[in-house]
Amino acid sequence: VFFKEGTSEEQIEEIGARIRAYDGVERVEFISAEQAWQNFSEEMYGDSSELLEAFGEENPLQDSASYEVYVNDVSALKTVIPLIERMEGVRKVNSADTVASSLGRFNMLIAYVSVTIIVLLFFVSVFLISTAVATGIRVRRSEISIMKYIGATDAFVRLPFVIEGIVIGLIGAVV
């Protein structure tokens, strides 16, 4: 967030306080003109001090104090940026709309892929549990028929298989 020329320090602090109050704003960092020039010169010129000597002691970014605004969620940019742009004393708001929208789309892609994987794993687990129970019934067919002959109810016969299915499902979920 860059300020109009002639904006006083009090107005800049007031703007910062108003930005911090918005929903979705995680933190706001003030970048002084001196810090902006130092960051720019380190980024652009690196160790080439002879290039910096052309500027002498003058700060070409003299009126370039700014705030860096960090949001909790990329989607908050759509609401926060217009609010900041309407503030008195704000000259310009730089934002990475393309990056923000790309990150938003990427987040949605990850969400869809995750839901698809979860649904597939659910169906696979149901299939495995039902197959294990059916195999257990086939293997123990003679035991089941003996239990039925001596008067065991259907619930009494099914209960061990249901418990086995639950245990298999829990172990599979843990794994």
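Biologist: Which residue forms a salt bridge with Arg140, and how far apart are the closest N and O atoms?

Modeller: Happy to start there. Side chains of opposite charge can pair when their charged atoms come close. In this predicted model, the partner of Arg140 is Glu164, with 3.4 Å between the closest N and O atoms. This pair links distant parts of the chain, 24 residues apart: Glu164 belongs to helix H7 (residues 154-174), while Arg140 sits in the loop between helix H5 (97-139) and helix H6 (141-149).

Biologist: Are Glu164 and Arg140 buried, exposed or partly exposed?

Modeller: To read that, look at the relative accessible area: under 20% is buried, over 50% is exposed, and partly exposed lies in between. Glu164 has 25%, so it is partly exposed. Arg140 has 31%, so it falls in the partly exposed class too.

Biologist: How many salt bridges are there by this rule?

Modeller: The rule asks for a side-chain nitrogen of Lys or Arg within 4 Å of a carboxyl oxygen of Asp or Glu. The count is 4. One of them joins Lys148 and Asp154, at 2.0 Å from N to O. Asp154 is partly exposed at 40% relative accessibility, and Lys148 is partly exposed at 39%.

Biologist: Which residues are linked in a network of salt bridges?

Modeller: That network is made of Glu26, Arg27 and Glu29. Within it, the side chains of Arg27 and Glu26 meet with an N to O distance of 3.9 Å. Arg27 has a relative accessible area of 37%, so it counts as partly exposed.

Biologist: Let's turn to a residue without a charge. Where does Ile129 lie, and what is it in contact with beyond its neighbours within four places in sequence?

Modeller: Ile129 lies in helix H5. Once those sequence neighbours are set aside, its contacts are Gly165, Ile168 and Gly169. You can also follow the backbone here: the C-alpha atoms of Ile129 and Val162 are 9.6 Å apart, although 33 residues separate them along the chain. As for accessibility, Ile129 comes to 25%, so it is partly exposed.

Biologist: And confidence: where is it lowest, and where is it highest?

Modeller: Begin with the overall picture, then go helix by helix. The mean pLDDT of the protein is 81, with 85% of its residues at 70 or more. Confidence is lowest in helix H3 (residues 49-52), where the mean is 58, and highest in H6, at 88.

Methods
Residues are numbered from 1 along each chain as its sequence is written. This is a predicted model: local features need pLDDT of at least 70, side-chain atom pairs count only at pLDDT 80 or more; totals for chains, interfaces and linings use all residues. Side-chain values use heavy atoms; hydrogens and water are left out. Buried means under 20% relative accessible area, exposed over 50%, partly exposed in between (1.4 Å probe, protein chains only). Helices (H or I, at least four residues) and strands (E, at least two) are DSSP runs, numbered from the N terminus. pLDDT is the predictor's confidence in each residue, from 0 to 100. Contact means heavy atoms within 4.5 Å.
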